[in-house]
Amino acid sequence: MAVCKVCFRHCNIPEGGLGFCGARTCASGEVTAANYGRVTSLALDPIEKKPLARFHPGSMILSAGSYGCNLRCPFCQNYQISWSEEAYRFADRAEYISPEEMAGIALSCRDRGNIGVAFTYNEPLIGYEYIRDTAKLVHEQGMFNVMVTNGTADLSVLSELVPYIDAMNIDLKGFTDHYYNEVLGGDRTMTMAFIEEAVKHCHVELTTLIVPGENDSEDEMREMTEWIAGLTSGEEIPLHISRFFPRFHMTDRDATKVRLVYRLADIARERLRYVYTGNC
């Protein structure tokens with residue numbers, strides 16, 4: 001048995017068992033990534049789809065995902081590989097792609113506009129060892145590394161990755177402890193600390209999905225953007241404000257009204273220079 005220190009949960013994982021995320025295990029008394037190199041999704045995407053609006057716009061990037069997540073967002077868009085009964089079955093069906101192979105695939109796609117690898121789709125930080133090992137090789141090829149993450153990880157994890165990560169899109173899902181703790185099963189303080197440190201090391205863009213009745217108030221948006229503006233290069237940090245659609249375990253409300261997304265974007269622009277609206 002061993003304690004995982006990747007995120008705030010500090011799961012006490014029995015030998016051969018799995019942590020809350022479904023992707024970290026205990027082997028010979030040490031915590032390791034059970035999903036290391038286990039790829040469930042691989043696609044060449046426009047970089048704007050991550051979303052990254054101000055990092056090599058117009059480029060393509062090889063996007064790779066595994067399985068598992070340390071949050072429990074009831075509206076998850078990738079629940080098939082993040083958290084669901086189906087996601088847990090991916091452990092046996094996922095294809096193993098070594099760091100060397102992934103870097104080679106990225107290089108082979110360069111003539112199609114590819115600039116590197118994006119670790120995305122599920123939560124990449126729960127398998128940070130694979131990101132570290134792969135991203136190092138991608139850098140050696142003169143290409144970029146991107147991470148799309150919920151930012152729910154200890155700063156010791158971030159410190160292992162920052163030498164190799166060039167850009168991140170981090171979900172700042174809301175700005176109240178109730179929403180983070182009770183709805184998402186997360187820890188807002190950990191995410192904020194992760195963002196605060198990440199912006200010192202690489203290009204960071206943030207994304208907030210506006211869920212009706214949860215994080216959709218003007219006061220919350222003002223408080224959140226005030227905090228963002230106070231970070232290193234805060235007013236220059238791009239914020240993507242996205243529209244919610246009912247799905248997975250949250251089908252009890254309608255999609256976010258477009259006019260509300262636009263209104264909250266206007267409020268965000270009071271403090272931030274680059275604000276984008278999504279799914280509108």
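Me: In what order do the 8 strands of the open sheet stand?
Reply: The model is a predicted one. Its open sheet has mixed pairing. Neighbouring strands in this sheet are turned by 20° against each other on average, direction ignored. The order of the strands is E6-E7-E9-E10-E11-E12-E13-E14.

Me: Which strands stand at the edges of the sheet?
Reply: A strand at the edge has a single partner strand, so one side of it is left without a neighbour in the sheet. The two that fit are strand E6 (41-46) and strand E14 (275-278).

Me: Which residue of E9 is the bridge partner of Ala-64?
Reply: Strand E7 covers residues 60-65 and strand E9 covers residues 114-119. The two pair in the parallel sense over 4 bridges. In E9, the partner of Ala-64 is Phe-119.

Me: At about what angle does helix H3 run to E9?
Reply: Helix H3 spans residues 128-140 and lies across E9 and strand E10 (144-149). Its 13 residues reach 18 Å from the first C-alpha to the last, close to the 18 Å expected. Among its buried residues are Tyr-130, Ile-131 and Val-138. The angle between H3 and E9 is about 170°.

Me: Which residue with a positive phi follows H3?
Reply: The phi in question is near 80°. The residue that follows H3 with this value is Gly-142.

Me: Through which helix does the chain cross from E10 to E11?
Reply: E10 and E11 pair in the parallel sense over 4 bridges, and Thr-149 has Ile-170 of E11 as its bridge partner. The β-α-β crossover between these strands is right-handed. The helix on the way, residues 155-161, is H4.

Me: How many of the 5 residues of strand E11 are buried?
Reply: Strand E11 (residues 167-171) is joined to E12 by 5 bridges, and the two run parallel. Ile-170 has Leu-206 of E12 as its bridge partner. E11 is largely enclosed by the rest of the structure, because the number of its residues that are buried is 4.

Me: Which residues of E13 are buried on the side opposite to Leu-239, Ile-241 and Arg-243?
Reply: In a regular strand the side chains alternate between the two faces of the sheet. In E13, 5 of the 5 residues are buried, so the strand is largely enclosed by the rest of the structure. Both faces are covered, with Leu-239, Ile-241 and Arg-243 on one side. On the other side are His-240 and Ser-242.

Me: Through which helix does the chain cross from E12 to E13?
Reply: E12 and E13 pair in the parallel sense over 5 bridges, with Thr-207 opposite His-240. The β-α-β crossover from E12 to E13 is right-handed. The helix it passes through, residues 218-229, is H7.

Me: Which residue of E14 stands opposite Leu-239?
Reply: E13 and E14 pair in the parallel sense over 4 bridges. The chain goes from E13 to E14 through H8 in a right-handed β-α-β crossover. Helix H8 (residues 258-268) lies across E12, E13 and E14, at about 165° to E13. Opposite Leu-239 stands Val-275.

Me: How many residues does the largest nonpolar core have?
Reply: In soluble globular proteins, nonpolar side chains tend to be buried together. Phe-75, Met-168, Leu-172, Leu-206, Met-221 and Ile-241 touch the most other members of the largest core. Apart from it lies another core of 9 residues, including Phe-55 and Ala-118. The number of residues in the largest core is 72.

Notes. Residues are numbered from 1 along each chain as its sequence is written. This is a predicted model: local features need pLDDT of at least 70, side-chain atom pairs count only at pLDDT 80 or more; totals for chains, interfaces and linings use all residues. Side-chain values use heavy atoms; hydrogens and water are left out. Two strands pair if DSSP finds at least two bridges between them. Axes are lines fitted to C-alpha atoms, for helices over the stretch in contact, and angles run from 0 to 180 degrees between N-to-C directions. Contact means heavy atoms within 4.5 Å. A nonpolar core is a set of buried Ala, Val, Leu, Ile, Met, Phe, Trp, Tyr and Cys residues joined through side-chain atoms within 4.5 Å. Buried means under 20% relative accessible area, exposed over 50%, partly exposed in between (1.4 Å probe, protein chains only). A crossover is right-handed if, with the strands pointing away from the viewer, the path from the first strand over the helix to the second runs clockwise. The expected span of a helix is 1.5 Å times one less than its number of residues.
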